[in-house]
Amino acid sequence: MTDYNELAAKAVERYNTRSGHRFGAGCGLKAALVDMDGVLYDSMRNHSKAWFRLMSEQGIACTPDDFYRFEGMTGVATINTLLRRNSRPEISHDEAMALYQRKAGYFRAMGAPDVMPHTIDVLSRLSDNGVRCVLVTGSAQASVISRIDADYVGIFAADDRVTALDVVHGKPDPEPYLKGLEKAGAKPYNAIVIENAPLGAKAGHAAGVFTVAVTTGPIGADELYDAGADLVLPDMATFASVVPNILKLADSI
Ligand code: CA
């Protein structure tokens, strides 16, 4: 049986080597930069279906699983990537936004996605220990973003949110996570990123932050480690059980 506390300790050692910084140096763990889809909400199935419907209507070849690999990118970047892959002519930003809005409508019509089981346990344990939680999402889906305060009461301060509308370059660029660090007033080595997607893990890694990825969808641990995750955990309940050790690891050095 895997000892996840031991796995976390080894991941921190690797992080210290790769980043050239000691995890938690100076003031321990100060901030958690938290992705939304596939982390706060079990919403990726619906996103994948909505995207697949839109692209099929447009005659653009793709598979439902493609959207798990594009996850984290902004909607416009997803559309442009698929157009290029299908050798289709470029479209304007406004045209891409109109397509994205149609996809957002299909997503909304499927109803509110479920809250991801046990993510609240992870975030409460962090928050109770003085770790500031900042939302960092590639989404602009107001129908989900607006539910966060009700589903995650007291976790995210009103201004502690970075969405697709706040960045020029979405994930896998580090910009969203760098903006999250700025909002929290934290150094990369005093923070963690919480992700579920390869492109999100790549962004967290590139921002120099200890990146925890949780396999909440069809993408396996190997792919998340390859993308740059420092620690991959099987589910949020396991993550919640490892939080005390992560806090200790950040404080012990
Ligand atoms: Ca995600």
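The legends below accompany close-up views of a predicted model.

**View 1. The open sheet of the predicted model and its strand order.** The sheet has 6 strands, which run in the order β5-β4-β1-β6-β7-β8 and pair in the parallel sense. Its edges are formed by β5 (156-162) and β8 (231-233), each of which pairs on one side only. Direction ignored, neighbouring strands of this sheet are turned against each other by 25° on average.

**View 2. The pairing of strands β1 and β6.** Strand β1, which comprises residues 31-34, is joined to strand β6, residues 191-195, over 4 bridges in the parallel sense. Within this pairing, A32 has I192 of β6 as its bridge partner.

**View 3. Helix α6 against the sheet.** The helix, residues 119-128, packs on the sheet and touches β1, β4 (132-136), β5 and β6. The direction of α6 makes about 170° with that of β6, the strand that also pairs with β1.

**View 4. The largest pocket and its lining.** The largest pocket, with a volume of about 320 Å³, is lined by 19 residues, and those that lie nearest its centre are T74, V76, A77, H93 and A164. The elements that give two or more residues to this lining are the helices α4 (75-85) and α5 (93-109).

**View 5. The residue classes in the lining of the largest pocket.** Counted by class, the lining comprises 11 nonpolar residues, together with 6 polar and 2 charged ones.

Definitions and conventions:
Residues numbered from 1 in each chain as written. Predicted model: local features only at pLDDT ≥ 70, side-chain atom pairs only at ≥ 80, totals over all residues. Heavy atoms only, no water. 1 Å grid on protein atoms, 1.4 Å probe; cavity = no way out; pocket = protein on both sides within 12 Å on 5 of 7 lines; lining within 4 Å. Points joined across faces, edges and corners; volume = space filled by probe spheres on them. Nonpolar A, V, L, I, M, F, W, Y, C, P; charged D, E, K, R; others polar. Pairing = 2+ DSSP bridges. Axes fitted to C-alpha atoms, helices over the stretch in contact; angles between N-to-C directions. Contact = heavy atoms within 4.5 Å.
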